[in-house]
Amino acid sequence: MSSPRIVTADDSVHSLASPVCSHNEWDPLEEVVVGRLEGATFPSRHPIVTCNVPAWAGRLQGLAAGVRYPRAIVEPAQRELDRFIALLQSLGVTVRRPDPVDHRRRYATPDWPSRGFANSCPRDSLLVIGDEIIETPMAWPCRYYETFSYRSLVKDYFRRGARWTSAPKPQLTEALFDADYQVPGADEQVRYLTTEFEPVFDAADFVRAGRDLFAQRSNVTNRMGIEWLRRHLGPDYRIHEIESRCRTPMHIDTTFLPLAPGKVLVNPEYVDADRLPAVLDGWDVLIAPEPDPLPERLLKITSMCGKWLSMNVLVIDGERVIAERHHTRMLRALERWGFEPVPCDLLHYAPFGGSFHCATLDIRRRGALDSYFPPPTRATAP
């Protein structure tokens with residue numbers, strides 16, 4: 001009779017090759033999560049919801065809180081989303097989806113009640129660093145349990161070898177929000193609605209370039225949140241902060257987005273190219289062209305995310321870049337910079353939180369962890 005084979009916990013862990021592996025924004029994309037529109041609901045009233053949108057949109061959200069998005073808004077966005085998914089699949093990318101959710105359902109913590117919003121933008125609530133999926137501590141009460149719609153996927157990835165972390169769940173009490181906050185004027189210093197009461201951040205306020213990450217302070221990401229991630233990742237990674245001049249900053253991927261080793265796309269309205277972190281010395285800073293004007297019928301729905309959604313592109317493999325078909329200036333600029341633009345439509349997705357980069361979460365890109373930056377040649381913050 002043969003002796004039993006002893007398998008330790010370490011053996012079982014290290015024998016699994018993680019299905020999750022993504023280190024940057026440009027390696028060849030093999031698997032991605034794409035958001036859903038089913039069940040999308042106007043967010044519950046809260047200052048964090050209205051501080052980043054035009055005043056008329058804030059009033060509308062307050063009146064419609066807890067009501068499903070109307071079919072007239074959902075259906076054209078769904079048609080574009082379906083075509084986007086088909087495009088990804090035609091390019092050889094595996095597409096996974098979150099579970100559908102009824103976001104009208106009410107929930108509560110000991111401090112506040114809310115309804116949900118949508119699971120249209122997986123880039124916000126989940127951050128992939130290498131083989132690790134991190135659930136982020138989001139500042140919107142209506143997004144408090146949003147990651148639950150991704151749990152079926154995350155548990156599957158975990159069972160197959162991925163690491164799974166959840167950042168500390170925030171309390172989201174009044175102490176986190178500046179009661180005197182007002183959107184700063186054009187000549188005023190940028191202010192933020194969130195205080196330093198506790199760590200909060202959206203994953204979409206970070207972009208990855210191997211061992212270096214770039215982050216922006218915003219109305220949903222505070223310095224405690226950036227510091228939490230810095231300590232969690234440890235000395236193998238560096239996080240560099242991008243200074244944004246946006247009056248209502250939220251999410252870095254319409255401000256600053258690496259497209260390939262040595263090439264980064266920046267928003268000239270929000271970023272001073274002479275004040276970028278020192279590690280970017282020697283990189284080509286690609287200045288985004290002025291977005292193409294939009295038809296009158298689309299101005300209101302896209303104003304929820306701002307005109308610079310033209311920058312919200314998705315890199316397929318360091319050469320091919322999916323970009324909005326309407327924004328021909330961006331398409332031509334990508335060609336001049338040596339990329340192959342892949343036109344697609346997603347303008348109607350804006351009321352649900354963004355465009356191609358926002359609507360996706362990289363799960364696996366074919367490539368290894370690397371460092372793309374030499375030691376800085378001038379003083380820089382840690």
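# Close-up views of a predicted model

**View 1. Glycine 338 comes after helix H9 and has a positive phi, near 95°.** Welcome to the first of several close-ups, drawn from a predicted model. H9 covers residues 328–336, and its buried residues include Met330, Leu331, Ala333 and Leu334. These buried residues line one face of the helix, because their directions fall within an arc of 165° when H9 is seen down its axis. In an α-helix, residues three or four places apart point the same way, because there are 3.6 residues a turn. On the face of H9 turned away from the buried side, look for Glu335 and Arg336, which are exposed. Which strands help to cover the buried residues of H9? Among the covering elements are strand S11 (256–260), strand S12 (263–266), strand S15 (320–324) and S16.

**View 2. Serine 310 sits in the loop between helix H8 (296–302) and strand S14 (314–315).** Is serine 310 buried or exposed? Serine 310 has a relative accessible area of 3%, so this loop residue is buried. With residues up to four places away in sequence left out, serine 310 touches Pro291, His327 and Met330. Met330 should be familiar from the first view, as one of the buried residues of H9.

**View 3. Strands S11 and S12 form an antiparallel pair over four bridges.** Here, two of the strands that help to cover H9 take centre stage. Across the pair, phenylalanine 256 is opposite valine 266 in S12. The hairpin of S11 and S12 has two residues between its strands, and glycine 262 in this hairpin has a positive phi near 90°. S12 also pairs with strand S13 (residues 284–287), this time in the parallel sense and over four bridges. Valine 264 has valine 285 in S13 as its bridge partner. Strands of a sheet pair through backbone hydrogen bonds, in either a parallel or an antiparallel sense.

**View 4. Three strands make an open sheet in the order S8-S9-S10, with mixed pairing.** Strand S8 (206–209) and strand S10 (238–241) are the edge strands, each of them pairing on one side only. From one strand to the next, the twist averages 25°. In which sense do strand S9 (residues 212–215) and S10 pair, parallel or antiparallel? S9 and S10 pair in the parallel sense, over four bridges. One bridge to pick out joins phenylalanine 214 with histidine 240 in S10. Helix H7 (residues 223–233) lies across S8, S9 and S10, and runs at about 160° to S10.

**View 5. Aspartate 124 has its place in helix H5 (residues 122–125).** Aspartate 124 has 2% relative accessibility, so this residue counts as buried. What surrounds aspartate 124? Neighbours within four places in sequence aside, aspartate 124 is in contact with Thr136, Met138, Arg143, Asp202, Ala203, Ala204 and His251. Leucine 361 is 237 residues away from aspartate 124 in sequence, yet their C-alpha atoms are 8.7 Å apart in space.

**View 6. The largest nonpolar core holds 45 residues.** Within this core, the residues with the most contacts are Ile48, Phe84, Leu88, Leu314 and Ile322. Strand S1 (29–34), helix H2 (47–50), helix H4 (71–90) and strand S16 (340–344) are the elements that give two or more residues to the core. H4 gives the largest share, seven residues. A good place to zoom in is isoleucine 48, which, leaving aside neighbours within four places in sequence, is in contact with Ala139, Trp140, Pro141, Phe177, Leu193, Thr194, Asn219 and Val220. Another core, of 35 residues, lies apart from this one and includes Ile242, Val271, Val313 and Ala333. Ala333 is also one of the buried residues of H9. In soluble globular proteins, nonpolar side chains tend to be buried together.

**View 7. The whole protein has nine helices and 17 strands.** Stepping back from the close-ups, 56% of the 382 residues in the protein are buried. Of the contacts with a separation of 6 or more, 74% are between residues 24 or more positions apart. The protein exposes about 16900 Å², and 52% of this area is supplied by carbon and sulfur atoms.

Conventions
Residues are numbered from 1 along each chain as its sequence is written. This is a predicted model: local features need pLDDT of at least 70, side-chain atom pairs count only at pLDDT 80 or more; totals for chains, interfaces and linings use all residues. Side-chain values use heavy atoms; hydrogens and water are left out. A nonpolar core is a set of buried Ala, Val, Leu, Ile, Met, Phe, Trp, Tyr and Cys residues joined through side-chain atoms within 4.5 Å. Buried means under 20% relative accessible area, exposed over 50%, partly exposed in between (1.4 Å probe, protein chains only). Contact means heavy atoms within 4.5 Å. Accessible areas come from the Shrake-Rupley method with a 1.4 Å probe; for residues, only the protein chains shown count as cover. Two strands pair if DSSP finds at least two bridges between them. Axes are lines fitted to C-alpha atoms, for helices over the stretch in contact, and angles run from 0 to 180 degrees between N-to-C directions. The arc is that of the directions from the helix axis to the C-beta atoms.
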